[in-house]
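Hi there,

Here is the structure I promised to pass on to you. Have a look at it first, and then read on for what turned up.

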Amino acid sequence: MLCFDSEKMNWYYHVLARRPYLVVISIAVYCVACIIVALILNDLPDFSDPTLGFESRGTAIGKRLTSWHNLIQECDGNGALFSNPSDLLQKLRLLQHEQHPSHKRHKKQQRRKLKNNKKRKEHNNGNKKNQHDDMANKMMVLNKRLKATQRPTPSENKWLDGQIRDYEITNDSNSSNNGASTIEYGHNTTFVDEDEHRERMQSKSSRWRMLKQATLPNDLGWPEAKAAKESIEGFFCESSPHKRYAHFVVQRIGPNATDSLFDLNGMLAMCQLQEQISSVKSYQAFCERRREEEEVLASNCCRPWSLPNYATLLANKSSCFDLNAEDVALLQTLLINCYEYYHDLKIDMNCNTLNRCYAPEECTRHADIVFSVLNFLSDYGFIKPNDTNVYLKYAMIFVPIARSNRILPLFHEWEHVDLSNELVEVIGMDLGLENELFSELLLTDVWLVSLGGLFVLACVWLYTGSAFITVMSCLAICFSLGLAYFVYTLVFEFSFFPYMNLLAVVVIIGIGADDVFLFLKIWQCVLAERFSKSSTLNTQSTLPTPLEHNEHTETLENLMALTMRHAAASMFVTSVTTAGAFFASYSSSIIAIKCFGIFAGTVVVTNYLLMITWLPASVSIMERLFASRMSCQQHLLQKLINACKKSINRFCELFEERITHSIMNYAFLWLIIFAILGTGSAIIVFWYPGLQLPEKPHFQLFVSHHPFEIYSKLRHLFWFEKTLQAVENFNMSMRFVWGVEAMDDGDYTNPNSHGNLHYDNNFNISSKESQIWLRNFCQNVRQQPFYQATFAFLLPNCFIENFIRFMERRCIDDMDSKHTNLTPCCDAEFPYEPHIFELCLPQCISNLWDTSFYQQSKAGPKFAAAPSRTDLGYLESSSNESLSMESTSMQLLVKALIIEFDSNISYSTIYSNMKVFYESVESWFQQQLSTAPQELRGGWFISDYESIMFFSVQDTLSNDTIVAIILAMAASLVVLLCFTLNLIISIYAVITVSLTIFNTVAVLILLGWQLNILESIAVSTAIGLAVDFSLHYGIHYRLAPSKERVAATQFVLSRIIGPTVMAAATTGFAGGIMMASNILPYIQIGVFLVVVMVTSWLYATFFLMSMLKVAGPQYGFMQLGWPKLRKRRTAKANKFYERKPSQIIASEQLLTPTSSAIVEMANSETHELESLNSNSQIKTISGTESGHTLPALPVDFEHSFQTVH
């Protein structure tokens, strides 16, 4: 069947029997070397962003998203494209200045200045005392100036944000001496004296501290608001909470769980709860303290922002435990009276300090309290308009600890503390730790994988009785993972390793254990038959001879050849189907799925290679190591193991008999039951409720009851999160791009590789046809049903309309005192000549950018310098503020164009809604492009990056999952046909596998699964795992010694039920252990393994075997055959297995204690685990014992099952 059935592999059996140490050591050295090289040459995988790679690449939408990303990166000021032509000219001017000869002289001057740094430092240090006196005088001058000021406007208070600008704030007479020098591009910004800059910044910092300490006069118009703000800042460290601080969601519990939190009992309970939060050991180390002038003034942490603390502040009390019902009613009255003004955006946290608030005096005086409570601390259903009744279901507590991954130890302390009392509890929290905690749990929960592996190894040790084989099997699985990582990173050169690749560890433990069981049980069956035959010839008990005798080695070669011929083929079948299902996932366009498919498939391949090299050599070593330790007496442990095996064998015999009896007598009943289940599952999968696509862009990392996941579900209930999400009132935008090709030449397996930006060489908007078409295009967009009008001045959405208005100006403006002639960019008739268009467009866009009414956005033409122009001397005469005709002539080119409009389609995470929007706009735009000039036919449509990316993932999951399933099913069908050579058996097996997939997916749907990234991987993997059992049953039915269907079914059930049960039990139990994990991916892969193992075993055993019993092929019906080219044999094959007949008995007893235990098993009726081709092996061995030689097995060894007529 395979190359292992050929006499050409005799040399390999000879090496395994005679040089097993060489094989094991060579493989171990090679594997260790590959693992070390892979770890040294590659960085360790980084799982800090678990969602990295959850994007589609290579699809039509994916290519547009990548091109859009590259286009925006190119326009960020560091690339070659600029939205504002003035910025491009400034960059060109800097480049020109660096090439100027005077620039080199400036460098020498800077070097001379650096030599005098030490002298200046010493001089400045000696004048520190004088600086303090000067600072006091400046303080007096500032106080006088502040008294003469009026109330500042927002534009005049840009410096109040606490940031030190690199320019002078004052404009008094002595500022010219100590002020910052005027910035001139290309002159004083290339080189900066670090010492002078540091001294200047220290001076400005001192000035800023003086401004903070300066007392504002009371006649500025907001004394009460200022006093209230100072009162709040005295109670809290900051006047208002902020999203950058850690916060907790609180809910009421107990017998009155449905009552509102906003009552006295709820306030006191939350007061106690915040004390519990701040009482953990590490809280003091991470909390924020009151600071003034870079010094800690308070020894205790700042107060948390919570409802009881704000009620305490309003009641002018010192502790929230002193609250009474009147205090709570006072806060409630204030919130009800001011809610209308908050809802109408007339109150904010800077009320009457930076912005004027239009609200009653009571609301403005307590604006910080009203805004903080309504915006941050209470859910949006707390108060309803025109309703005096309040109901608070969820409340928020902000603690003065920054959201950061550094507070992970603090989170672990909160985990071990019961954050609840009799009335309230913390149900959710946002600490900014999602990715950090996931990375930690991803590694710490590996012990669950190890536990599953220990269970599998315990099963191996129980059925082999050899700790050596158990250890070697464990090393084989570990080496397969290491080799796969080496091939993945260095051979395939994949630089991205997503965390989902770790899920392959769970799968390979089950697959590797199945291969170990398969090989060892075939080996045991060969030994068992050999002992049963030799016992009739051996009437005397003889002691073993040394293992170095050639007779024993020759016998070992024969046993290895017989075992490898059948075990290698059986392991190859299961490995091909599973690896094929994994490699089929490479067809997906999602990076994480693509990488997982390659890594998991590579692990299966490397595991197979080790199972046909490492494991046979280990078995050979076991025979050599323990042969000399044989004794006639058995140890107590060995006796216990044998007794345990006998008990298990009896149970398995009874189990197999019951199942065989039920299938043979009730085949029609099983067919009806499982057919109904399969049909119902198909209805669930394809009709209702169906396999739903994800409706949330947030990828769930933890279990549903985890506080982080609960917060993500409840965050939309608070106003401060609603403004950040922008989901409620967000309409999709329509962006039409020209000049850039929708191309992605990056690495599709690396989310950080976006390739290069490719320009459209045919793009040109200066022709008259292009100008007319662009104007008509903008007009046609406004006529479409999906268009949403936007009202504002000088919108950037369609530049051609602004440009037409720009060209309608008079050439000589009467209001211009200089009477500048603006020809030819004036009084022009549309469309314009190409040279006039190219000349005047940069001037128009530059003027628009200098206009305060112009809304700067990503839309508009993108300019680049003409590549053919090398002389930049003409730039010296151009103005810094605007573009002149001379400076723009043949200088700037429009390399890309973005036209943007708003749509009336609201953003939705529902796939069907987004699909209708995208396809409707795309089809209309393609119709418009069909009428466009040739230079504008390369345009493409894209919407908002984040929203369209999620839609792209949804679209890819819905399409690529089906493609992966079809490819995996096709590969399984090919393997079945190749190994059974019977069309009927292959069709039955494919039907069984299909129903298995339907039932598996239906169970997952009923468990609440949606078709997300991990679920897509699970569906593809299910095919590879589910087909194994059906393949085993189908092959053995084909190889049964009887050609009649009933007898063949009886034979298959008596041989295969045991190994399939063991394979399903080990893999399913390993998956069940993973369900105890704390992270969702491990739990989902565990649930999936349990479901697919149970479902596939039930369908393969009861449904497939019932079909074969009722309508299975018999007497060679629909039986195919391979070409008879391999029938030729040479006499050398028989010579390999030839041995002396006088030494048969002595050689047969040169076996290990582990192997000698098979004597008892050989005399028993059945074993729990039989090899897949055990009858073939026994029949072949039996035939050799009656003669003097052991002839080579025929190539068509499956015909040995058939009786000779």
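One term before the findings: a nonpolar patch here is made of residues with over 30% relative accessible area and no salt bridge, with nonpolar side chains joined within 5 Å. Please keep in mind that this is a predicted model.

On the surface, V32, I36, V37, I40 and L41 make a nonpolar patch of about 460 Å². One of these residues, L41, belongs to helix α2, which covers residues 20-41. Is L41 buried or exposed? Its relative accessible area is 58%, so L41 counts as exposed, the cut-off for that being over 50%. For the chain as a whole, the exposed surface comes to about 56200 Å², and carbon and sulfur atoms supply 57% of that area.

Now to the inside. Of the 1205 residues in the chain, 51% count as buried. The largest nonpolar core holds 316 residues, and those with the most contacts inside this core are W414, L431, F736, W738, F803, I1013 and F1088. Helix α38 (residues 1080-1111) gives the most to this core, with 18 residues.

F736 makes a good place to zoom in. Beyond its neighbours within four places in sequence, F736 is in contact with several residues, including F777, L897, W924 and F941.

As for the overall build, the chain has 43 helices and 10 strands. Among contacts between residues at least 6 apart in sequence, 83% join residues at least 24 apart.

Happy browsing, and best wishes!

Definitions and conventions:
Residues numbered from 1 in each chain as written. Predicted model: local features only at pLDDT ≥ 70, side-chain atom pairs only at ≥ 80, totals over all residues. Heavy atoms only, no water. Helix = DSSP H or I, 4+ residues; strand = E, 2+ residues; numbered from the N terminus. Buried < 20%, exposed > 50% of the residue type's maximum accessible area, 1.4 Å probe, protein only. Contact = heavy atoms within 4.5 Å. Areas by Shrake-Rupley, 256 points an atom, 1.4 Å probe, with all protein chains shown as cover. Patch = residues over 30% accessible without salt bridge, like charges linked within 9 Å, V, L, I, M, F, W, Y side chains within 5 Å. Salt bridge = Lys/Arg side-chain N within 4 Å of Asp/Glu carboxyl O. Core = buried A, V, L, I, M, F, W, Y, C linked by side-chain atoms within 4.5 Å.
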